[in-house]
Every structure is written in C-alpha cells, then in structure tokens.
Amino acid sequence: MRVTENKKDHNTDKYVNSNLIVRRNKEFTIAIKCNRALKEQEDNVQLEFLIGSSPDENKGTYIILPMGKEKPGVHWKSRVVETQGDYVTVGITPDAKCIIGRFRIFVVVVSDLGKQRTERNPDTDFYVLFNPWDPEDNVYMDKDEDRQEYVMNDVGVIYNGEFNNISSRSWNFGQFEEGVLDACILVLDSGKVPLVFRGNPTELVRQGSALLNAQDDDGVMVGNWSGEYSEGTAPTAWTGSPEILLKYAKEGSVPVCFAQCWVFAGVMNTFMRCLGIPGRVITNFCSAHDNTGNLKTDIVLDEDGKVDRSRTKDSVWNYHCWNEVYIKRPDLPEQFSGWQVVDCTPQETSDGLYRCGPTSVNAVKEGELSYPFDAKFVFAELNSDVIYHQSTKQGKMKIIYVDTTYVGKLILTKKRGSSDYEDITSNYKYPEGSIKEREIMQNAEHSGLATRDYMPIAEAGVDIELQADTIKMGDNFKLTMVIKNQTSQTCTVNATITGCVVFYTGVTSSTFKLENKTATVKASKTEYLTVDINAAEYTPHLVEQAKLLFVMYGTIEETNASITTMKVVTLLPPELTIKMSGSPRVGKDLTVTVEFLNPYNFMLEKVQLRLDGPGLIPIKIKNYSQILPGGSVKYKVLIVPRSPGKKVLMACLDCPLLRQVTNQLEIEVVKD
C-alpha cells in the first residue's frame, strides 16, 4: 500500500496508525503483484473498495473500478502508473465527495472462468478523510497557515475566567494519537450515522454535535454541573481528548463521566480535526442561557435585592465554550459559508436531540436567523438583554433595570501560530450601540425572534460599576463601588450589595454577604464606596472554579429610580510549578518535576495529578489521598520525546476542594 510515501503526500504521516490514510480527491499509489506481466488491453482487472456491513454500488459504499479505465457513473478514478515485470503500480483518486471512513480493498481478475478475488486482508484496509488542501472538497481552506493551525495542530489553548480577567488552560487535542481515528469512526458507528451522510461535512458535524454528549443517545460524554463527581472524573481534571475518546472505545461505547462545556468543545475539536474538518474552540464571555428563547435573560431579585434562586430560571454563564468549523454550505447563500458554530454541550434540543449547529457565523452577525441550524439560540447567547425584576412579598413583579450590554461581552479563540488569544467579537456582532447593531436587531425580529415587549426604563442618570483587583483564593479583599452622578443635582444612593458563591454557569449557591451602603454624590461628581470581603466569609461556601457573584441593587432617593449591576470575581487558585532538567532531544531522557504547595489551613483530600503532552508522554495520573495544610507534593517523571518540534507538557491538579489548578511548559524538541 506504499503507506509511508502516500501518507507524506496526503498530510497524514502524523497519524500513529500502521494502515494507509489518504484524503479525498488526491491520488495515492499502490503496488499489485500479479503471477505474470499485465497485458493492459487484454486482461480485465478490477479494483473493489467497500465500506460498511452491506456495501451497495448505488450508495457509494461499494466502488468497482476497472484498473486504468474510466467507468461511467463512478467518480473514483484509477490509472496504471507503470508496470515492471509482474508488478503494476496503480494510481487511485477517491471522489471529492466520497464517504469518509475505513475502506476494504480487493483486486479482482475477471475471465471466462468467472471472478478471482484477492483474500480479505485487514492490513490493506485504508482510511479516506476530508481534504482541506483541495478546492473541490467542501472543507477547503486556501491558506496553509490556517490548515496548519486548524487541522494539523494537536494542542491548543481554551480560554475561561472573566471577560476582564481572562484565564486559559492548554488542551491536548491529540487527533493523531494511536487509536483516536478509530475512536472517532466508532462514535459515528455507535451513533448509527448512515454511511451516506458521512461524506457531507454539514451533516457530519450536526450528527457529531449530538453524539458527543450522552444526553439522549449514549454519546461520548456525560455532562455534569452538580459539583458531585465521585462516580467519574471531574470535568476540571481532564487535560485532553485522547484519554476520553480511548476510554469510550475501550469500554464498548459506554459514555465517559464527566464533562462541562470546555471538555465537550475540546473533544469535538479533536473529532473534527481528526476526520479532516478544520475546527477551533471558541469562548463567549457572559453567555446567556435563555431557557425561554425570548432574547431576555430574566434575573429576579427579592425585596432585599438578593437573587431569588427559585424564580430565576435563566442564567448568564461567565463563559461558554463552543466550536467553529470551516466548511462550505451548499444549502445556504454563498456569503454564509466559512466559519460555522457547532456546540455539543447539551443545553437545548434541536430537531428532538441535544445538539446545536452548524450555524453560519455571518448569518448570526447579520441577524439572518431563519437559515439552518439553531441560529436563534446562538444569537440569544450573544445578544440577550439582562432584565432585572423585583418581586414583592405578594408575588408581584416589576422590571427595575435593563442591561443591554452585559451579554456577549467578548469572544475569543487561540491566535493562529501563537499561544495568545485572538478577539473575534466583531465576527459575531457589530459594535454595541451602533446604528448597524439596531438594524440587525430588527432583522432578527423579522426572522422570527420574539420582539422586545418591554418599555425602556427611564435613565437614572447615575452609573454604578463594581470593581475588584485580581484576588487569590483565601485572600481578603475590597469590593469598590464607583458611583458616577451624571445629573445636574446631588443624588443620594441607597445600595444593597449581595455576595453569593456561583458556578461558572451563573447558577448561584450560598449567599455569604449582605450589606447596605448609602452615598451622597454631588452633581457631575464620582464617589467611591468600599465593602470589605473576608476570606472567612466566603471560603466555607466555595464551589468549583471559585467564583463569587456580587449583585448591587440601588435606589436614588430624589427620583425613586432603580439601578442594578452585577460583577463576577474569579479567585485565582494556587500555583502548580513544572520544571525540566536536561535538553529535550528525540529519543533522549528528560526529567520533569511537578510541584505543589497547599497554602490553605485545610487539608486537601482525594487529589489527582495529571501529566499529558502529545509526542512527549502517554498520559500519567498520580493520586494522593491527602495534602496537609502547608504540605507539598513533588512528582518526578522521566520523559523520552518521540518526535521533534514544539511540544506542550500540561499538568493539572484536581480535588473536590480545589479545582482547575493547571500549568504548562512549552518545549522545543530537537533531533540529534
């Protein structure tokens, strides 16, 4: 099958797989040994390519090619490249729209005595993948640096934290690692995706977005946002996709526990890049999860200004990760091809299954929401208004404040060829408050989105912003209220500040702070009020990812106008250090040491440390039953780099009381 030469030609030589892997619409060559020299004009030799359990010529799952001759109705091509004695070299070009997956190949000699077929040999099976290098393929990307990043890069960075305090973590996509390609095909087989759909990237990513969550189809990962993960692995503990996909394959397609949005997006990215579809992971900061689909995110406060958990059904996720794929959409007008949103985190159903997309990014930006698939849901994640209601003891509700700029604050992805981020907010939305933005809103309403049925609230003339520095978990800090009076008279502001612990999905947990403050602000002046927050108040209540939500509800005495704002503070975890000794060379030993000190006055139990790095080491997991207050752990590991180039070594420490402690080390491996 001339595996080495063909793989190099087809940009598939990074896959750790002994079989041939080729891309659509590009020729590969095979050598066939006959029992005598081939007579091209007289001998009738056919090549057969089969995929699936019941191959059918009409469905593109059984391809018969006369060797070196065209066959009407068959889009695959073959040619005799050369004959040397008993050997024939044949060039084969799979169709640009053919099914992707693992094909079986047979050589058939047809004579008066019937057909003679070569025996079944799994070693000659070959995989056909999408081809982003070919303009005829619907996944084509014209710039090589784009293909290197969005198809060939096997590590990435996923952004999280807050829009004004961005954190990140490295992720091992590992699409070329041993067994990953077979696992991706198994996902399609286990999900019973018809073979005829598997040549169409639009259909394939839509199916994939349903199959990577286990919500309704025993897919790859079980979503869990409860904080209780003892039955599996905490979402924050994973370092990459191969461990998850290989576990799914090894355990007979049993869903893997547990995942949250960045894990779903990381694995979806591996799935797409592995099959040859360009993909990237996106983070939307302040992402609305609008359960009611009306472009309104309703936050209900009680009479004291505290969030009413029982009445607040919608939430604003501090961040939400999804994917984009780069594909041509023959089913849509031309301007809506290119990057498409696809999201496999199970939030809402689409055509009966938990999935989302592909949705054209351009269509979302232009408010053209009637095109398939799920554009309205994505538009709401980016453009919902946050509406603060106040409920009285009698159960009456009134709107006290509308914030039209809180949602969809910032949209990031990893920059091409760099570990920095790229701000792609302008791909999704026009500038906040611009005339164009208002036009798009009208467009969206014409496309069937519920109209904004509430009256604009009279401007209070006073702006309030909550500010806090970057704070480490376990530190005391000050929350500052900046009150700007933009009116021409003195204003008295009575404010209630509530502090509660919150999950990254915006769902609140325990309230730990309630404080009233009053400020008198002269005309056109600014006043600063501070609230002291002590670690002893919040530490006992912390949930994973250590986020605090502060809601400020205020009234202005002179006008009785209301004003509300909120601020999420992410507490930084302690440091995990990675050090390397020795110089990184292919095949040579390298020592890596990971160290962690517990800075808290409480014990950490059931601690798991993961070390991962494609091309450096297979994943290593070290468990510690406990780390005492002030205690430290040191984990030394020997690494033998397998291939040259830039590599990333990732470490992640995770336990029930402390989540998402990560670090990474970039290593340049050289060949002797």
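**Burial, crossings and backbone angles**

Modeller: Arg2 sits in the segment before helix H1 (3-9). The model is a predicted one.

Biologist: Why is Arg2 called partly exposed?

Modeller: Its relative accessible area is 33%. Buried needs under 20%, and exposed needs over 50%. The value 33% falls in between, so Arg2 is partly exposed.

Biologist: What makes the phi of Arg2 worth a remark?

Modeller: The phi of Arg2 is positive, about 45°, and Arg2 is not a glycine. Most residues other than glycine have a negative phi. Asn25 is another non-glycine with a positive phi, about 60°. Asn25 lies in the loop between strand S1 (20-23) and strand S2 (28-33).

Biologist: Is Asn25 buried or exposed, or what else would you call it?

Modeller: Partly exposed, with a relative accessible area of 22%. The cut-off for buried is under 20%, so 22% does not meet it.

Biologist: Which peptide bond leading into strand S20 is cis, and how do you know?

Modeller: The bond from Gly357 to Pro358 is cis, with omega near 0°. Pro358 lies in strand S20 (residues 356-360). The bond from Cys257 to Phe258 is also cis, with omega near 5°. Phe258 belongs to strand S13 (residues 256-259). Most peptide bonds are trans.

Biologist: Now to the helices. Why is Asn269 called buried?

Modeller: Its relative accessibility is 0%. Buried means under 20%, so Asn269 counts as buried. Asn269 is in helix H6 (residues 261-275).

Biologist: What does the side chain of Asn269 reach?

Modeller: The backbone nitrogen of Arg280, at 3.0 Å. A polar contact needs N or O atoms within 3.5 Å. Residues touched by Asn269 include Phe173, Val281 and Asn323.

Biologist: How do you know that Gln207 is buried?

Modeller: Gln207 has 15% relative accessibility, so with a limit of under 20% it counts as buried. Gln207 is part of helix H4 (residues 201-211). Beyond four places in sequence, Gln207 contacts Val193 and Phe197.

Biologist: What makes H4 roughly antiparallel to H6?

Modeller: H4 and H6 pack at about 150°, with axes 11 Å apart. Angles over 145 degrees count as roughly antiparallel, so H4 is roughly antiparallel to H6. H4 passes H6 in a right-handed crossing. Leu204, Val205, Gly208 and Ser209 of H4 make the contact with Met268, Phe271, Met272 and Leu275 of H6. Those residues divide into six nonpolar, two polar and no charged.

Biologist: Why is H3 called roughly perpendicular to H6?

Modeller: The axes of H3 (residues 180-190) and H6 cross at roughly 105° and come within 10 Å. The band for roughly perpendicular is 65 to 115 degrees, so H3 is roughly perpendicular to H6. On the H3 side, Val180, Leu181, Cys184, Ile185, Val187 and Leu188 meet Thr270, Phe271, Cys274 and Leu275 of H6. The residues of this contact divide into nine nonpolar, one polar and no charged.

Biologist: What makes Ala237 buried?

Modeller: A relative accessible area of 2%, set against under 20%, so Ala237 is buried. Ala237 lies in the loop between strand S12 (221-223) and helix H5 (242-250). Leaving aside neighbours within four places, Ala237 contacts Gln608, Arg610, Cys652 and Asp654.

Biologist: How do you know that helix H8 is mostly covered?

Modeller: Eight of the nine residues of H8 (residues 375-383) are buried. Among them are Phe377, Glu381 and Asn383.

Methods: Residues are numbered from 1 along each chain as its sequence is written. This is a predicted model: local features need pLDDT of at least 70, side-chain atom pairs count only at pLDDT 80 or more; totals for chains, interfaces and linings use all residues. Side-chain values use heavy atoms; hydrogens and water are left out. Helices (H or I, at least four residues) and strands (E, at least two) are DSSP runs, numbered from the N terminus. Buried means under 20% relative accessible area, exposed over 50%, partly exposed in between (1.4 Å probe, protein chains only). A polar contact is a pair of N or O atoms within 3.5 Å; within protein, one must be able to donate a hydrogen and the other to accept it, and residues adjacent in sequence count only if both atoms are side-chain atoms. Contact means heavy atoms within 4.5 Å. Axes are lines fitted to C-alpha atoms, for helices over the stretch in contact, and angles run from 0 to 180 degrees between N-to-C directions. Angles under 35 degrees count as roughly parallel, over 145 as roughly antiparallel, 65 to 115 as roughly perpendicular and the rest as oblique. A crossing is left-handed if the near helix is turned anticlockwise from the far one by less than a right angle, and right-handed if clockwise. Ala, Val, Leu, Ile, Met, Phe, Trp, Tyr, Cys and Pro count as nonpolar, Asp, Glu, Lys and Arg as charged, and the others, Gly among them, as polar.
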